Amino acid sequence: MKTFFRRIHLYLSLAAGIPILLACLTGAFLVFEKDLEKALHHDRYYVTAAGSQRSAEELKALAVQAFPGHKVNGIKLYGAPDRSAELNLSPAKKDKGGAAGNKEQQQGKQGAPEQKGGGKAGGEKQAGKGPQGPPPGFTVFMNPYTGEVLEKYSYRETFFFQMMALHRWLLGGNDSVGKIIMGVSTFLFMFILITGIILWWPRTRKIMVQRLKIKKDAGFKRLNHDLHIVLGFYTAIFLFIFAFTAMNWSFEWFNDALFAITKSSPKPPQAPKSSPVASANAVGFDKAFAAAQNLYPAAEFYNISAPKDSTETFTVSVLMADAAHENATNSVYVDQFSGEVKGTLAFEQRNAGQRAKSYIKPLHTGSIWGMPTKIIAFVVCLLGVSFPITGVIMWLNRTKKKNRKTEKKVAAIA
């Protein structure tokens, strides 16, 4: 029976080995994306707290002044006094007369880089745009105290976007063959890991003890064998979690199955509508921010998305400091005319499927429990790079051994 599983393990590994190696290598880079970005670009994310902060509407006006012909889709404000503000801008659509429409000034959704989450899930929509698509938006980092523009940021122009594109699509784009190759290879990787555990499973207690530790004073072949077998056992469960959660971005059936199993809808509850009032003007980002802050004081951030049209509300996504993970946000819906809170949706009120789906990215990126799980994810990804290499060496050694036996038999017969 083990001969059968060994062949399955070998053939699947030879077929998917290179994509798996690339996925693990790029995944190791992406684990600490946010941490490295903040360390390497400290002045983009942090400011010196001095005096009172400017209002959200003032920041919006200064951003539009700095980038004429653009509209502000959303503003992300942090609870920490030393964090910069993030404004998401995109080209304003022109009306028939050639001027930017007032309603268009309120269109769009917030897409700040931290919300994209390390590049693995973010950037998909942008990367899928063809050359004929609309110009991409960008994020403007601003000093909330002075209103100074710190940096114009486009995720697609960064090193980490290239790592994400290689990790998910082999640089081919969201609708490319590269995405299919990576998706299928990751799917096969789960079976490689399962067959690997079956092959590892020892017959006796003595063999188990040997397969739980690396024999350091052995020769190269034994050392390579132990690196593959022993480390493969310790990392298998983590690699399986990473591969399993990766299905979320590769196959639509994975999402369908998730919501089918949880017997829930993939669509969130319909957001309430604003109540248009004749001769009333929109209240702007300030009222939306104040309403959300009143409900959820001392939050980690408030991500305010502008309404798409005159019937929608401001949507404020709020992440509390004690949230289960980075996607466990609460939503506040604020009437764009009166500033009244029209409704809220706490993370706990989302259905089972939506809550389960929100855990996928933190599990996949290793950020689920902060720095400890990030370190585990980083080490496991690096070891994942080694397994195709050590596996190929083991296969070549076995092939040479079989060839020598065959040659001896032929020589004996002759």
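This section walks through the annotated membrane spans, one pocket, two nonpolar cores and a pair of unusual backbone angles in a predicted model.

Start with the annotation. An unreviewed UniProt entry gives "transmembrane region" to residues 12–32, 180–202, 223–244 and 375–396. In the model, residues 12–32 come out as 95% helix with no strand (0%), and the C-alpha atoms at the two ends sit 30 Å apart. For residues 180–202 the helix content is 91%, again with 0% strand, and the end-to-end C-alpha distance is 36 Å.

Next comes the second largest pocket, with a volume of about 1100 Å³. Its lining is made up of 44 residues, and the ones nearest the centre are His9, Leu199, His228, Met394 and Arg398. Several helices chip in: α1 (2–31), α8 (177–200), α9 (205–210), α10 (220–250) and α15 (371–413) each provide at least two lining residues. Of these, α1 makes the largest contribution, with 14 residues. Sorted by class, the lining has 25 nonpolar residues, 12 polar ones and seven charged ones.

As for packing, the largest nonpolar core holds 31 residues, with Leu87 and Val318 making the most contacts inside it. Helices and strands both feed into this core: α4 (56–66), β1 (70–78), β2 (85–91), β3 (138–142), α12, β5, β6 (314–319) and β7 (330–334) supply at least two residues each. The largest share, five residues, belongs to α12. Leaving aside residues up to four places away in sequence, Val318 touches Ala292, Tyr296, Ala299, Phe301, Tyr302, Thr329, Asn330 and Val332. A separate core of 23 residues lies apart from this one, and its members include Phe242, Trp249, Phe251 and Val380.

Finally, a look at the backbone. Most residues other than glycine have a negative phi. Two residues in the model go the other way. Leu171 has a positive phi, near 70°, and belongs to the loop between α7 (159–169) and α8. With a relative accessible area of 52%, Leu171 passes the 50% cut-off and so counts as exposed. Ala298 also has a positive phi, in this case near 55°. The loop that carries Ala298 runs between α12 (285–295) and β5 (301–305). Ala298 is exposed too, because its relative accessible area of 68% is over 50%.

Note on methods. Residues numbered from 1 in each chain as written. Predicted model: local features only at pLDDT ≥ 70, side-chain atom pairs only at ≥ 80, totals over all residues. Heavy atoms only, no water. UniProt positions renumbered as here; feature names shortened; annotations may be inferred. Helix = DSSP H or I, 4+ residues; strand = E, 2+ residues; numbered from the N terminus. 1 Å grid on protein atoms, 1.4 Å probe; cavity = no way out; pocket = protein on both sides within 12 Å on 5 of 7 lines; lining within 4 Å. Points joined across faces, edges and corners; volume = space filled by probe spheres on them. Nonpolar A, V, L, I, M, F, W, Y, C, P; charged D, E, K, R; others polar. Buried < 20%, exposed > 50% of the residue type's maximum accessible area, 1.4 Å probe, protein only. Core = buried A, V, L, I, M, F, W, Y, C linked by side-chain atoms within 4.5 Å. Contact = heavy atoms within 4.5 Å.
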